[in-house]
Amino acid sequence: MSERDEIRRRIDDLGQWFHNMPLNGVWTAPGHFLGDYPNVKWQRFAHAIPADLSGMTVLDIGCNGGFYSIEMKRRGADRVVAVDTEPMYLNQARFAAETSGAEIEFHQMSVYDVGRLGERFDLVIFMGVFYHLRHPLLALDLIHEHAARDMLLFQSMMRGSLDVEPLEPNYPFTETGIFDKPGFPKMHFIEHRYSDDDSNWWVPNRACVEAMLRDSGFEIDQRAEEEVYLCRRAERDRGYQTPMVGAVYPARGKE
């Protein structure tokens, strides 16, 4: 059996791939409905990430088949840690990294458990996960509380208006019309399924994504692509007189 045949066999044995990547010339998902994905998407926002990540650490939350983790190693990141809840995706990512010669550390865990890693990272990648979570704002809180040192690369599916309504910091109880404006922050709840996927729970509009990022303590540096934001971690200050309530699990990862 040739090397290419052996790679093809290993790829097929690892299940259905969502990340379509060439491993020594053998594509992991040659029949992918989105074609060369996620590379086609990556090319639209790759400019937002420093071309040289030397001396930097990266955490890839929801790494799937490992495409973005491998790309960060190609840009020279000193250390890349990749996490996912699905053993199948982790096995795929391990094989892709091994075949690509990328040294990556893998852990099976969810975004809610990032405090267990006990460290902060220069770049946190959080793409394609947000809308699959029952508790998305908690996830952002925990990333801010435990994982992010500086940059957050964020992506979410969005639906509804792309407008962002300018809002006042406060409204009287009698104000109801503001909620009907298309550009008011909204999250659409999926009770059953969307796109035949019962893990799609919440789908925000653009205003909601931007508001939730800010509220969780991330300053938006740029909207790098239609769905992708590069953010910087900041201290959380909502201007309230009462103390800011932290993440639900503030002690995880700490004594």
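The paragraphs below walk through a predicted model, moving from an enclosed helix to a loop and then to a patch on the surface.

Helix H5 covers residues 136-147, and its 12 residues reach 16 Å from the first C-alpha to the last, which is close to the 16 Å expected at 1.5 Å a residue. Of these 12 residues, 11 are buried, so H5 is largely enclosed by the rest of the structure. The buried set runs through Pro136, Leu138, Ala139, Leu140, Asp141, Leu142, Ile143, His144, Glu145, His146 and Ala147, and it thus includes Asp141 and Glu145 as well as Leu138 and Ile143.

A second point of interest is Leu167, which is found in the loop between strand E7 (148-155) and strand E8 (187-189). With a relative accessibility of 38%, Leu167 counts as partly exposed, because that class lies between the limits of 20% for buried and 50% for exposed residues. Once its neighbours within four places in sequence are left aside, Leu167 is in contact with Ile178, Phe184 and Pro185. The C-alpha atom of Leu167 is also separated by 9.5 Å from that of Gly183, a residue 16 places away along the chain.

The surface itself is represented by Phe33, whose place is in the loop between strand E2 (26-27) and helix H2 (39-45). Phe33 has a relative accessible area of 69% and is therefore exposed, since the exposed class begins over 50%. Together with Phe18 and Leu34, Phe33 makes a nonpolar surface patch of about 320 Å².

Conventions. Residues are numbered from 1 along each chain as its sequence is written. This is a predicted model: local features need pLDDT of at least 70, side-chain atom pairs count only at pLDDT 80 or more; totals for chains, interfaces and linings use all residues. Side-chain values use heavy atoms; hydrogens and water are left out. Patches are made of residues with over 30% relative accessible area and no salt bridge: like charges are joined within 9 Å, nonpolar side chains (Val, Leu, Ile, Met, Phe, Trp, Tyr) within 5 Å. Accessible areas come from the Shrake-Rupley method with a 1.4 Å probe; for residues, only the protein chains shown count as cover. A salt bridge is a side-chain nitrogen of Lys or Arg within 4 Å of a carboxyl oxygen of Asp or Glu. Helices (H or I, at least four residues) and strands (E, at least two) are DSSP runs, numbered from the N terminus. Buried means under 20% relative accessible area, exposed over 50%, partly exposed in between (1.4 Å probe, protein chains only). Contact means heavy atoms within 4.5 Å. The expected span of a helix is 1.5 Å times one less than its number of residues.
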